[in-house]
Amino acid sequence: PNKYAILSDPTPLGEEESHRYRSIVGALNFYSGATRHDISYPVSRLSQFCKRPTVGSMQALYRVLAYLKCTSYFSIHAKYGGHGNTVECYCDSDHAGDRKLNTRSQTGVFILLNGAPVYWRSVKQVSTAISSACAEIYALSDAVKIVRLYRYRAMELGMSVPCPLQVKVDNTQAKTFARGTCVNSKLGGTFDMRSQWVAELKDRSQVTVQYVNTTNNIADLLTKTPRTHRFQQLLSMVGDKQYRRISKDRAMAVMAQFADCAMTA
């Protein structure tokens, strides 16, 4: 839904309608966390109105349900060809994008395994960021913790995951902060440099930070309400990553089959 559609009518809902609202949002939270990364951000915003649902938030909720009905074909797929695993992690944030509600920013983290989405998260940050760089650093910190946890779980399942893992951000200041190369930054005094999460953020043996252009940052899907063409572009980017991986595996399989036939001949 439109970013401020939920504010179009601030009239509170009745008790029965409020109960229905919370029930539907609870169900959508399950779907958005399991298979529908395309609705994670709208569901995150709608969840913020569970305490006091309004007529506007209910209308926005119906728009999400209508979108789901029209996209029942949505699916996640991937094919592993045995050529090693690739893990891509994207993170993003919006700086106080909901100023009409509050000044806290939104964090988005997206993890792809062999081109297929395996983890995504869209959530409000716990405190107000004083700048866009500050918001990006908080998001980067969450992404580092999440991708490390994902690596630990993959190792428990016997999967080989490349190390160090790369976290892709579209903010150069966040990348500089992770490298610790900006001693006289304007963010001085914002973060306690003795904090453990800062040390973990700068631990290059496990995680490295890589810059990616905003246009190619698929985590934008989890932090903003883009226009229709941009929304479709982000979904296509995720789909293309899956397609490229599948096409590559098929090509390798054909080459291997051709090699076997040649050796047999």
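Strands (E, at least two residues) and helices (H or I, at least four) are DSSP runs numbered from the N terminus, and two strands pair if DSSP finds at least two bridges between them. Welcome to a predicted model, in which local features need pLDDT of at least 70 and side-chain atom pairs pLDDT 80 or more, while totals for chains, interfaces and linings use all residues. Residues are numbered from 1 along each chain as its sequence is written, and side-chain values use heavy atoms, leaving out hydrogens and water.

**View 1. Five strands build an open, mixed sheet.**
Reading across the sheet, the order is β3-β2-β1-β4-β5. At the edges lie β3 (116-124) and β5 (207-211), each with a pairing on one side only. On average, neighbouring strands of this sheet are turned by 20° against each other, direction ignored; such angles run from 0 to 180 degrees between N-to-C directions, with axes fitted to C-alpha atoms (for helices, over the stretch in contact).

**View 2. β4 runs parallel to β5, and α2 sits on the sheet.**
Five bridges link β4 (residues 165-169) to β5 in the parallel sense. One pair to pick out is lysine 168 with its bridge partner in β5, glutamine 210. Helix α2 (residues 40-47) packs on the sheet, where it touches β2 (106-113) and β3; contact here means heavy atoms within 4.5 Å. The direction of α2 makes about 30° with that of β3.

**View 3. A hairpin joins β2 and β3.**
The two strands pair in the antiparallel sense over eight bridges, and leucine 113 stands opposite alanine 116 in β3. Two residues lie between the strands. Keep an eye on asparagine 114, found in the loop between β2 and β3: its phi is near 55°, a positive value in a residue other than glycine. Most residues other than glycine have a negative phi.

**View 4. α1 and α2 cross in a left-handed sense.**
The axes of α1 (residues 15-34) and α2 come within 10 Å and cross at roughly 150°. This makes α1 roughly antiparallel to α2, the label for angles over 145 degrees. From α1, Tyr21, Val25, Leu28, Asn29 and Ser32 meet Ser40, Val43, Leu46 and Ser47 of α2. By class, the contact of α1 with α2 has five nonpolar, four polar and no charged residues; Ala, Val, Leu, Ile, Met, Phe, Trp, Tyr, Cys and Pro count as nonpolar, Asp, Glu, Lys and Arg as charged, and the others, Gly among them, as polar.

**View 5. α4 packs obliquely on α5.**
Helix α4 (residues 132-156) and helix α5 (residues 172-179) have axes 8 Å apart and pack at an angle of about 55°. That angle makes α4 oblique to α5. The crossing of α4 and α5 is right-handed, meaning that the near helix is turned clockwise from the far one by less than a right angle (anticlockwise for left-handed). Here Ala133, Glu136, Ile137 and Leu140 of α4 meet Gln173, Ala174, Phe177 and Ala178 of α5. The residues of this contact divide into six nonpolar, one polar and one charged.

**View 6. From the end of α4, follow the chain to a cis peptide bond.**
With 25 residues, α4 reaches 36 Å from its first C-alpha to its last, close to the expected 36 Å, which is 1.5 Å times one less than the number of residues. Glycine 158 follows α4 and has a positive phi, near 85°. In the loop between α4 and β4 you will find proline 164, joined to cysteine 163 by a cis peptide bond with omega of about 5°. Most peptide bonds are trans.

Terms used
Parallel < 35°, antiparallel > 145°, perpendicular 65-115°, else oblique.
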